[in-house]
Amino acid sequence: MGVVKDSAPAGQYAQPQEVARVLQIEDAEADAELLLDALRNDGIECVTRLVDNEQAFVDALETFAPDIILSDLSLPGFNGYRALELLRERDPVLPFIFVSGTMGEEVAVEALRKGATDYVLKDNPVRLAPAVRRALRDAAEQRNFGRLEAELMRAQRFESLALLAGGLSHDLRNLLQPLLLAADALDEYKDDPRLGRLGGLVRSCGQRGLEMVSSMLAFARGARQAEQVRLGGLFQAVALLLQGSVPRSVKLEISESDDPELQFEGNQTELQQCLLNLCLNAIQAMPDGGTVRVGARRLKLDETFFSAGEKAVPGDFLELTVSDSGTGMSPETMAKLFQPFFSTKPGGTGLGLMSCKRIVESYGGVMRVRSVVGEGSTFALYLPLQPAEEGEAGRSTSLPAGQGERVLIVAENAGKLALLADSLGSYGYDVRSEQSGAAALLSLERDGLPQLVIVDADMSLLTGVRTLAALVERDYRGAVLMLARPEAPPDLEGLPDSLDLHLLDKPVQVDALLYTVRDALDSARRRAQQ
């Protein structure tokens, strides 16, 4: 009958992270005890399991989860080479040391070639403890290096995606701008219900596309894209994204907030990421099924709520909670939750909760965890609520119109050019349009100087800046409105400081265009009167 024996000195479970789990493959219990004595006499605390056949060895790999294996070379019906082969099929890093009484140089070299970590002769046990220490240290370093290498590869993939996102965002902006301008133009036909609905649909699709582009740009820049997040919309998005991920044995409850229209400054993509991560963790914490609850409430926090090391900023906060009725966590597990690479899930990176915590802290908020073994866990995010800023005052509800001022528009994109010209033309401006800087210069010679030039910064041959420089050389002294992407501001080097230059972010919306055009023309008039 094969030997399967566990042993551990009393009192060795107080600090399990400092105890080595040693699996011994040995058919002589006396030899096994001598090896363990050599380790303990050298200060290595260990929990051990002794096996002497293949089935017991395979079972021990799963149930005992050793940190290191000490194996005799040859046993009746089983041998160290076979054990090493079985181990390397499962784990390429776990240390495996041959400990044998008969091991010549050629045998030792063959063992190392097959994947053994080291070999020690039984008649030289003084070498065992240093070999075990070195093997455990090297394995830990190798595993950490593997994790870091995997994260580096993940980062490189994200970097490639960021480059792709940055390129796509530019093209998508060019597609969205005419769409948004067309929606604004359809507002003139509100009396026609069909056209009114069409305008609303076009605007809704265009604005949603713009939000997606903004998120892509924020991802590409590695920066946050601040926006007003509506609580009800955030919960709706999370519910939609979780469709198909919730098993039948799990009930998802997303409670209605007392104030679903509550808005706060943040980034919807980041907050969706946090809530999705917490919900998926909760689902995995309930292998036999249960309930996941997502809720929110507004509350006031005072100084006593904050822990040592947290920035105490009392005031109004939004509490977002994700609760489960799962297995819960021990205090030891909770103490490690936010450590890099720590994970209770097979194959987990251990970075999800840490990322969530950093996102919350970047808003000036804090994160709390409550858990009881056998009763479930609750993760709570506390986000500060700033008072809503007053809207811009002093603007009339009616959009400013022109009085026949001559405006030259220069843009390569034909659709964008036509919509800009139509929008300004319908509000009383005398508009001329050209698709290149060279054509614009010819227009000046043919038609004379305009009162305002609107130029797209993103033109290929003669760029927006070079076009303006050429206009100045031809004695243009009027106002200039440049359309530019906020993430790629134009390089204005070479333009005179006296140029009356105004910038407008793309994609352009009609109301912002009309107000900026009016401001630019008024500015040019005041400068001419000085």
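User: Is Arg446 buried or exposed in this predicted model?
Analyst: Exposure requires a relative accessible area over 50%. Arg446 has a relative accessibility of 55%, so Arg446 counts as exposed.

User: With which residue does Arg446 form a salt bridge?
Analyst: Arg446 lies in helix 12 (residues 437-447), and its partner lies in strand 17 (residues 430-434), 12 residues apart. The closest N and O atoms of the pair are 3.4 Å apart. The partner is buried, with a relative accessible area of 16%. The residue is Glu434.

User: How many residues apart in sequence are the parts tied together by the pair Asp31 and Lys122?
Analyst: The side chains of Asp31 and Lys122 meet in a salt bridge at 3.1 Å, N to O. Asp31 belongs to helix 1 (residues 29-41), while Lys122 is in the loop between strand 8 (118-121) and helix 5 (128-186), so the parts tied together are separated in sequence by 91 residues.

User: What is the relative accessible area of Lys122?
Analyst: Its salt-bridge partner Asp31 is partly exposed, with a relative accessible area of 28%. Lys122 is partly exposed as well, and its value is 22%.

User: Which residues are joined with Asp31 and Lys122 into one network?
Analyst: The network arises from salt bridges that share partners. Besides Asp31 and Lys122, it contains Glu26 and Asp72.

User: Which residue meets Asp475 in a salt bridge?
Analyst: The two side chains meet at 3.9 Å, N to O. The partner of Asp475 is exposed, with a relative accessible area of 58%. This partner is Arg477.

Note on methods. Residues numbered from 1 in each chain as written. Predicted model: local features only at pLDDT ≥ 70, side-chain atom pairs only at ≥ 80, totals over all residues. Heavy atoms only, no water. Salt bridge = Lys/Arg side-chain N within 4 Å of Asp/Glu carboxyl O. Helix = DSSP H or I, 4+ residues; strand = E, 2+ residues; numbered from the N terminus. Buried < 20%, exposed > 50% of the residue type's maximum accessible area, 1.4 Å probe, protein only.
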